[in-house]
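Take a first walk through this structure. Keep the sequence and the 3D view side by side as you read.

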Amino acid sequence: MSVFIRGTGADKPERLLTNQDLEKLVDTDDEWIFTRTGIRTRHLAAEGEATSDLATRAGQRALDDAGVDASELDLIVVATLSPDMLTPSAANLVQRNLCPGLGIPSFDINAACSGFLYGLQVVKSLIDSGTYRRVLLVGGETITRFVDYQDRGTCILFGDAAGAVVLEHGDEAGGLGSIRVGSDGACHDLICLPGGGSLRPPTTYDPADDRADWFLRMQGNRVFKMAVQSMEQVAKDVLADVGWTVDDVDLVLAHQANRRIISAVGERLGVPPEKVPMNVAEMGNTSAASIPVLLDDQCRGGQIRPGQRILMVGFGAGLTWGAATLEWT
Ligand code: ACO
């Protein structure tokens with residue numbers, strides 16, 4: 001028995017934030033942003049919309065793709081660092097939207113940009129154990145709500161989106177293989193949002209605070225090197241687990257943080273660029289949504305065919321990282 005992706009879906013909000021728009025907000029320019037990151041535009045959630053709205057649309061599209069009714073789900077998991085509110089979870093709200101009144105369990109996972117890979121491992125384990133048979137896993141973010149549009153080091157990077165997969169047990173060959181995740185909390189302050197949690201609750205807010213305490217902040221250049229190193233290592237680990245060489249891999253779906261990071265990981269692994277698709281130019285960094293949105297893009301574009309061997313790899317705040325192998329069916 002293995003675990004299979006039966007359907008994919010994505011939601012990319014209509015509103016765009018271009019590099020030219022950012023030039024009006026901070027001291028930056030299109031050339032700097034594109035050269036350093038590969039990003040041209042990002043999608044922004046509409047006013048009044050939150051992560052669960054994007055996750056619901058992506059989830060419904062994945063269900064339609066799989067030919068599954070929401071009432072047939074056993075569990076809904078949302079990977080996000082930008083839920084609608086601290087509690088309840090975004091997954092609870094997706095459950096309300098997709099299959100109200102059925103008591104289907106739902107919860108969130110927060111492992112930042114690695115959240116979808118953490119989610120895959122948790123859901124695979126729950127299906128392998130026989131606890132559940134059919135699960136909706138969504139990576140969804142409205143991360144731009146937590147970005148400081150006065151900080152040129154971060155505001156150029158992020159976008160909003162959701163990507164979803166329907167996972168199901170099956171007896172055929174293929175499906176998900178090895179999934180490994182890791183973390184290093186000692187580096188938590190390299191990417192963090194200190195304000196609004198139990199350490200710095202809103203009651204402690206002081207107008208004299210450092211503005212950066214209340215937004216997502218990042219030491220980008222330190223994160224860059226660690227991202228490349230940890231993604232290379234965890235990717236090699238899962239390939240070794242399943243006995244694939246790099247040449248066996250048809251497609252690498254890497255977290256879309258920065259074109260230079262993705263290219264560096266591909267080069268270190270020895271995978272040719274044509275096997276490492278990117279949508280970072282259009283999407284920016286959409287954190288937990290990044291890998292499932294890219295997967296959906298590739299499926300709908302016809303680039304993924306049965307029998308192909310796919311490597312997924314990601315990295316994010318925590319620090320966290322992860323990789324997974326998948327044989328498409
Ligand atoms: N426009 C113009 N200049 C800028 C900008 C900007 N938007 N941002 C920074 N600069 C300047 C800096 O001030 C610095 O100037 P100085 O040399 O005079 O001090 C110079 O450009 C170089 O800055 P670096 O930070 O060293 O630039 P770098 O090449 O590292 O690129 C970037 C910055 C794009 C943020 C890169 O470090 C990066 O992508 N890091 C990784 C991000 C990531 O992957 N995060 C993980 C996931 S996020 C999550 O989990 C939520």
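Serine 82 counts as buried, because its relative accessibility is 0% and the cut-off for buried is under 20%. Keep in mind that this is a predicted model. Serine 82 sits in the loop between strand E4 (75-79) and helix H4 (90-98). What is serine 82 in contact with, leaving aside its neighbours within four places in sequence? The partners are Thr51, Gly140, Glu141, Thr142, Ile143 and Phe146.

Turn next to the ligand. It is surrounded by 26 residues. The closest are Thr28, Arg36, Cys113, Asn258 and Ala317. Threonine 28 places a polar side-chain atom 2.7 Å from a nitrogen atom of the ligand. Tryptophan 32 also meets a ligand nitrogen: an N or O atom of its side chain is 3.5 Å away. Asparagine 221 faces an oxygen atom of the ligand instead, with a side-chain N or O atom at 3.2 Å. How much of the ligand does the protein bury? Taken alone, the ligand exposes 1,000 Å², and the protein buries 75% of that.

Asn258, one of the closest residues to the ligand, leads on to helix H7. At the start of H7, a side-chain oxygen of asparagine 258 comes to within 2.7 Å of the backbone nitrogen of arginine 260. Helix H7 covers residues 259-269. Its buried residues are Ile261, Ile262, Ala264, Val265, Gly266 and Leu269. Which elements do they pack against? They pack against helix H6 (220-242), strand E11 (251-254) and strand E12 (309-316). After H7 comes glycine 270. The phi of glycine 270 is positive, near 85 degrees.

Helix H6 holds a charged pair of its own. Side chains of opposite charge can pair when their charged atoms come close. Glutamate 232 and lysine 236 form a salt bridge, at 2.8 Å from N to O. These two residues are four apart in helix H6, so about one helical turn separates them. An α-helix has 3.6 residues a turn, so residues three or four places apart point the same way. Are the two partners buried or exposed? Glutamate 232 is buried, with a relative accessible area of 14%. Lysine 236 is partly exposed, at 38%.

How many salt bridges are there in total? The count comes to 19. One of them joins arginine 6 to glutamate 172, with the closest N and O atoms 3.0 Å apart. Arginine 6 lies in strand E1 (residues 2-11), and glutamate 172 lies in the loop between strand E7 (161-170) and strand E8 (175-183), so the pair ties together parts that are 166 residues apart in sequence. Arginine 6 is partly exposed, at 26% relative accessibility. Glutamate 172 is partly exposed too, at 36%.

Another salt bridge pairs lysine 12 with glutamate 282. Here the closest N and O atoms are 3.5 Å apart. This pair also links distant parts of the chain. Lysine 12 is in the loop between E1 and strand E2 (15-18), while glutamate 282 is in helix H8 (residues 280-283), 270 residues apart. Lysine 12 is partly exposed, with a relative accessible area of 27%. Glutamate 282 counts as partly exposed at 31%.

Technical notes. Residues are numbered from 1 along each chain as its sequence is written. This is a predicted model: local features need pLDDT of at least 70, side-chain atom pairs count only at pLDDT 80 or more; totals for chains, interfaces and linings use all residues. Side-chain values use heavy atoms; hydrogens and water are left out. Buried means under 20% relative accessible area, exposed over 50%, partly exposed in between (1.4 Å probe, protein chains only). Contact means heavy atoms within 4.5 Å. A polar contact is a pair of N or O atoms within 3.5 Å; within protein, one must be able to donate a hydrogen and the other to accept it, and residues adjacent in sequence count only if both atoms are side-chain atoms. A salt bridge is a side-chain nitrogen of Lys or Arg within 4 Å of a carboxyl oxygen of Asp or Glu. A residue is near a molecule or strand if one of its heavy atoms lies within 4 Å of it. Accessible areas come from the Shrake-Rupley method with a 1.4 Å probe; for residues, only the protein chains shown count as cover.
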